[in-house]
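Colleague: I would like to learn how to read strands, cores and charged pairs from a set of coordinates. Could we work through one case together?

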Amino acid sequence: MSTLPDAPTADPLILTLEMDPETFWHFDGLRRRHFPQKLNVIPAHATLFHHLPGLEEEGIAATLSELTAEREPAEVAVTELRFMGRGVAFALASDALSRLRDEIARRYADVLTAQDQQGWRPHVTVQNKVAPDVARTLHHTLERDFEPFSFTSPGLILWRYLGGPWQQRGRFAFGGHR
């Protein structure tokens with residue numbers, strides 16, 4: 001885990017899945033090509049939690065260190081393309097990650113937002129906030145060549161939300177690797 005560079009603030013924390021480099025560059029390349037440039041201030045990601053309490057960063061980091069150290073790198077399936085009306089995403093599935101997310105949700109149940117209390121539908125968004133016809137065209141284009149695949153996630157990444165961009169706060173490797 002990386003060290004936390006400065007004091008916690010009330011700015012919320014976001015928890016995402018780390019992808020292996022090849023998978024990350026694939027999704028991030030699609031995102032850079034198809035996400036509106038002015039709105040694309042963060043890299044491709046799959047969010048586990050959208051809003052964890054920023055003032056509890058130290059405790060959250062300790063919890064993540066504990067929970068990821070006892071798990072092997074997670075296998076993640078990229079199962080389908082999702083048309084989202086004004087964007088396109090790749091759907092993900094992983095029993096191991098679902099169990100981990102459930103455990104984190106139980107530990108922080110009293111501070112989760114309504115969005116984070118809902119059922120988890122993991123995905124990587126490569127286009128959003130465009131006209132529906134633009135999204136539909138990309139969905140059809142990507143669907144022509146799409147074949148399900150899988151990748152191994154080496155860990156989780158904790159970010160601080162800064163009103164648009166994110167600041168990486170920590171990396172938590174599965175199995176204590178790296």
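**Reading the contacts, strands and charges**

Modeller: Start with a single residue: apart from residues up to four places away in sequence, T63 touches R107 and Y108. The model is predicted.

Colleague: Where does T63 lie, and is it buried or exposed?

Modeller: T63 lies in helix 2, residues 57–69. With a relative accessible area of 10%, T63 is buried.

Colleague: How do I read a strand, and which residues does F90 contact?

Modeller: In a regular strand the side chains alternate between the two faces of the sheet. Here, strand 4 covers residues 88–93, and 5 of its 6 residues are buried, so strand 4 is largely enclosed by the rest of the structure. Leaving aside neighbours within four places in sequence, the contacts of F90 include F27, L30, V78, L81, V124, L142 and F146. F90 is also among the residues with the most contacts inside the largest nonpolar core, together with L15, L17, I104 and L156. That core has 39 residues. A second, separate core of 5 residues includes I42, I157, W159 and W166.

Colleague: Which strands pair with strand 4, and in what sense?

Modeller: Strand 3, residues 74–83, pairs with strand 4 in the antiparallel sense over 6 bridges. One pair of bridge partners is R82 and A89, the latter in strand 4. Strands 3 and 4 form a hairpin with 4 residues between them, and G85 in the turn has a positive phi of about 90°. Strand 5, residues 123–127, also pairs with strand 4 in the antiparallel sense, over 4 bridges. There, V124 in strand 5 is the bridge partner of F90.

Colleague: How many residues of strand 1 are buried, and which strands does strand 1 join?

Modeller: For strand 1, residues 13–18, 6 of the 6 residues are buried, so strand 1 is largely enclosed by the rest of the structure. Strand 1 runs antiparallel to strand 2, residues 47–52, and 3 bridges join them. L13 has L52 of strand 2 as its bridge partner. Strand 1 also runs antiparallel to strand 7, residues 155–161, with 6 bridges. In strand 7, I157 stands opposite T16.

Colleague: Now the charges. How many salt bridges does the structure hold, and what joins D28 and R32?

Modeller: Side chains of opposite charge can pair when their charged atoms come close. The structure holds 8 salt bridges. One of them joins the side chains of D28 and R32 at 3.1 Å, N to O. D28 and R32 are 4 residues apart in helix 1, residues 21–34, and therefore separated by about one helical turn. D28 counts as buried at 7% relative accessibility.

Colleague: Which parts does the salt bridge between R169 and E57 tie together?

Modeller: The side chains of R169 and E57 meet at 2.8 Å, N to O. R169 lies in strand 8, residues 166–173, and E57 in helix 2, so the pair ties together parts that are 112 residues apart in sequence. Both R169 and E57 are buried.

Colleague: R107 touched T63 earlier. With which residue does R107 form a salt bridge?

Modeller: R107 forms one with E103, the closest N and O atoms being 3.4 Å apart. Both lie in helix 3, residues 95–107, 4 residues apart, so E103 and R107 are separated by about one helical turn. E103 is buried at a relative accessible area of 19%, whereas R107 counts as partly exposed at 35% relative accessibility. Salt bridges that share partners join E66, E70, R71, E103 and R107 into one network.

Conventions:
Residues are numbered from 1 along each chain as its sequence is written. This is a predicted model: local features need pLDDT of at least 70, side-chain atom pairs count only at pLDDT 80 or more; totals for chains, interfaces and linings use all residues. Side-chain values use heavy atoms; hydrogens and water are left out. Buried means under 20% relative accessible area, exposed over 50%, partly exposed in between (1.4 Å probe, protein chains only). Helices (H or I, at least four residues) and strands (E, at least two) are DSSP runs, numbered from the N terminus. Two strands pair if DSSP finds at least two bridges between them. A nonpolar core is a set of buried Ala, Val, Leu, Ile, Met, Phe, Trp, Tyr and Cys residues joined through side-chain atoms within 4.5 Å. Contact means heavy atoms within 4.5 Å. A salt bridge is a side-chain nitrogen of Lys or Arg within 4 Å of a carboxyl oxygen of Asp or Glu.
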